[in-house]
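Here is a report on a pair of protein chains. Read it with the structure open beside you.

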Amino acid sequence: MIYKKLIKAFSFFVITLFVVVHGNSIVYCQDVTILNINNASIRKIPLAVPEFKQFLKGANIEQDAKEAQKFLMDAFNFTGYLKIIDERAYLAKPSETGIAKNDIDFLDWTGIGAELLITGGISVDNNKVKLWLRLFDTFDMRLLVGKIYTGESDDLREIIHRFCGEVSKKLTGKRGVFGSKIAFVSRVNGKKEIFKCEFDGFKPEQITFHKSISLSPAWSSDSKWIAYTSYAKGKPDIYIKNLKEKRGAIINKEGMNIAPAWVPGQFALVASLSFSGDPEIYLLTGTGKIIKRLTDSWGIDISPKFSPDGKNLVFVSRRRGSPQIFIKNLETNQIRRLTFEGGYNTSPAWSPNGDRIAYVGIRDGRIDIYTIGIGGESPVQLTSAAGDNEDPSWSPDGSLIVFSSTRQRGMAKLFVMTAAGEEQRKLLKLNGEQTDPDWSMVND
Amino acid sequence: MKKRVFTNVIMALLVVGLFLTVSCAQKTVTSEPDTKTDQKTSDQAKAKVNPLKPVATGDADVDFINLDIYFDFDSAELTVDAQAVLQGKAGYLKADKNIKVIVEGHCDERGTTEYNLALGERRAKSAKGFLVDLGISESRLSYISYGEEQPAVAEHNADAWERNRRGHFDIK
């Protein structure tokens, strides 16, 4: 913890310097980020989440209290950077002695190695639930986050996740995965439909009913739209669908209209259209009108994805004889090749931090997920010896990657791992094959 | 002049092709052109042939639909075998000028969905282009890619992949 204090002191110094140098009162970042989730060899911070204190007794309060605690534990277990200490090791019971700072003897928690503590209180009244939630730094004996929420009992999970977002923001500087969603393709009666679920695989929900082949879902930056490819009208066209209202557009030019991806922060997208003879990448409006052609080569150009700042485009091209990943600078129009190892590199995904690209590579017949720095430096293999692994997509905070894998009985299912390839686990249980996951960039 | 040379090459291929068409699916089974040879006698040789691939029946209608062309991994180039099958299809299409055909490009399950859609399109287009070169009117030929979405064989092994990397031909 001395180390942590040093960092804090130093950060304070830097921030002060920043303010002084700029001579105004706009502080760039007053909150100190405690944890860098982009660090590959992250040490998990031990967290204690004791039983909730039950205030005003309502009908289901016991059950709600248990559920709230479980939602918290599951949520933080999912992140990959916190470790929940087993409840049986706890020396104190804030549910009986109190959940506020003055009620807590922090030695009870530092004594079992907990560096962070979350206490919760709950009251239920006519299906209205009220929650008091606090995050403490046990060694500093300091309240980091304190929030009160009210809502319907049915919204308990959502409320807890809102608090988790606050905790995540305090610890990492970002709201994390909480509230984000994952779109994917799932097989239904032999056909492929687009589905969505919550970041942790909860509540899968079918959103297309074309009874056809639907592929490649892509969230708009504001998560209000999904673009995807579908054979609903007999050939591959792009469908742009508003999730709340019955609005949308279809891109159905001659040939294939595939691989949509949104421009960050805009109602515009890129896609591969083959009406000119072979697939080239175009910039399009959100209603499907061509703004500009972005590639021009005789080979396949496919799977475009923007850098988070929208200034660069990563895509797959066969212009050098095998599928490789290229980056186009949209300001200078220069194109450079990113991958050189292996004869098959596809399916690029730009990390939200902008520094790395995840992709699929085939080596010796094995299909695995890799990441590489945007300058082509330090390629890392994230999956190995576990089926075919495809379709990587980053979580909004860049800490996790969702992908599809055939590691269990040869059937494609969705899995999640940390950006360093650790803690690979199944995302959800759903009948049939699941592929093409795309993680939304918004937490709402 | 160039076109003349090309036509000659095509004609030469046609002759070889016609021979191969009859026996292409079984050519490694036996050196005898007689396809009625008792199959049990060639078990050992049969192992070299992908058991999942359909064989020519001699019935022109059935063969036109059933005989696919096959591609190497990540390739849209027409192999000698594929060209031979296409010669047969061209002959069939020349015999009945009313037939319109849709050429389907397919891929095996390995590799990325989107890339395979593009690869399937290239496969369909190279097959279509070859038929056009053989004199079939472009207006009779359309194409579509199904990428890895419609495998002929739903298994996950080398034989299935070989069978799934294909061009398929349907009469409209």
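## Chain A at a glance

In chain A, residues 24 or more positions apart account for 42% of the contacts with a separation of 6 or more. The model is predicted. Its secondary structure in chain A comes to 5 helices and 30 strands. Chain A has 444 residues, and buried residues make up 54% of them.

How does the confidence look? Chain A averages a pLDDT of 89, and 90% of its residues score at least 70. One stretch of chain A, residues 12-32, has pLDDT under 50 throughout. For that stretch the model has 12 contacts beyond four places in sequence.

## Chain B at a glance

Chain B holds 6 helices and 4 strands. Read from the N terminus, its elements run α-α-α-β-α-β-α-β-α-β. Of the 172 residues in chain B, 47% are buried.

Take the contacts in chain B between residues at least 6 apart in sequence. Of these, 73% join residues at least 24 apart.

## Where the chains meet

How many residues does each chain bring to the contact? Chain A gives 33 residues and chain B gives 23 residues. The size of an interface is often given as the accessible area lost when the parts come together. Here chain A and chain B bury about 2300 Å² between them. Carbon and sulfur atoms carry 54% of that area.

Polar links are present too. Between chain A and chain B there are 10 residue pairs in polar contact, with both residues at pLDDT 80 or more. The count of salt bridges between the chains is 2. One of them joins Glu149(B) to Lys192(A), with the closest N and O atoms 2.7 Å apart. On the side of chain A that touches chain B, the elements giving two or more residues are strands S10 (214-219), S14 (257-262), S18 (301-306), S22 (345-350) and S23 (356-363) of chain A. The residues on that side of chain A divide into 17 nonpolar, 10 polar and 6 charged.

## Ile213(A), a residue at the contact

Look at the loop between strand S9 (205-206) and S10 of chain A. Ile213(A) sits there. Beyond four places in sequence, Ile213(A) touches residues of chain A, including Lys192(A) and Tyr231(A). Ile213(A) also touches Tyr146(B), Glu149(B) and Gln150(B). Both Lys192(A) and Glu149(B), the salt-bridge partners, are thus met again in the list for Ile213(A).

Is Ile213(A) buried or exposed? Its relative accessible area is 11%, so Ile213(A) is buried. The C-alpha atoms of Ile213(A) and Gly190(A) are 9.2 Å apart, with their positions 23 residues apart along the chain.

## Three more residues of chain A

Start with Ile122(A), in strand S4 (residues 116-125) of chain A. Ile122(A) counts as buried because its relative accessibility is 0%. Beyond four places in sequence, its contacts include Phe52(A), Phe55(A), Ile61(A), Leu131(A) and Trp132(A). Phe52(A) is 70 residues away from Ile122(A) along the chain, yet their C-alpha atoms are separated by 6.7 Å. Next comes Thr172(A), in helix H5 (residues 156-172) of chain A. Thr172(A) has 8% relative accessibility, so it counts as buried. A polar atom of its side chain lies 3.1 Å from the backbone nitrogen of Lys174(A).

Now go to strand S23 of chain A, where Arg356(A) is found. What is the relative accessible area of Arg356(A)? The value is 17%, so Arg356(A) is buried. The side chains of Arg356(A) and Thr371(A) are joined by a polar contact of 3.1 Å. Other residues that Arg356(A) touches include Trp350(A), Ile372(A), Pro379(A) and Trp394(A). Arg356(A) and Gly376(A) are 20 residues apart in sequence and 8.9 Å apart, C-alpha to C-alpha.

## Arg165(B), a buried arginine

In chain B, Arg165(B) lies in the loop between helix H6 (158-164) and strand S4 (166-171). Arg165(B) is at 10% relative accessibility and therefore counts as buried. Which side chain does the side chain of Arg165(B) meet in a polar contact? The partner is Asp108(B), at 2.9 Å. Beyond four places in sequence, Arg165(B) also touches residues such as Phe71(B), Asp72(B), His106(B), Arg110(B) and Arg123(B).

How values were computed:
Residues numbered from 1 in each chain as written. Chains lettered and ligands numbered in written order. Heavy atoms only, no water. Contact = heavy atoms within 4.5 Å. Buried area = accessible area lost by both parts, 1.4 Å probe. Salt bridge = Lys/Arg side-chain N within 4 Å of Asp/Glu carboxyl O. Polar contact = N/O pair within 3.5 Å; in protein donor to acceptor, adjacent residues only side chain to side chain. Nonpolar A, V, L, I, M, F, W, Y, C, P; charged D, E, K, R; others polar. pLDDT = per-residue confidence, 0-100. Buried < 20%, exposed > 50% of the residue type's maximum accessible area, 1.4 Å probe, protein only.
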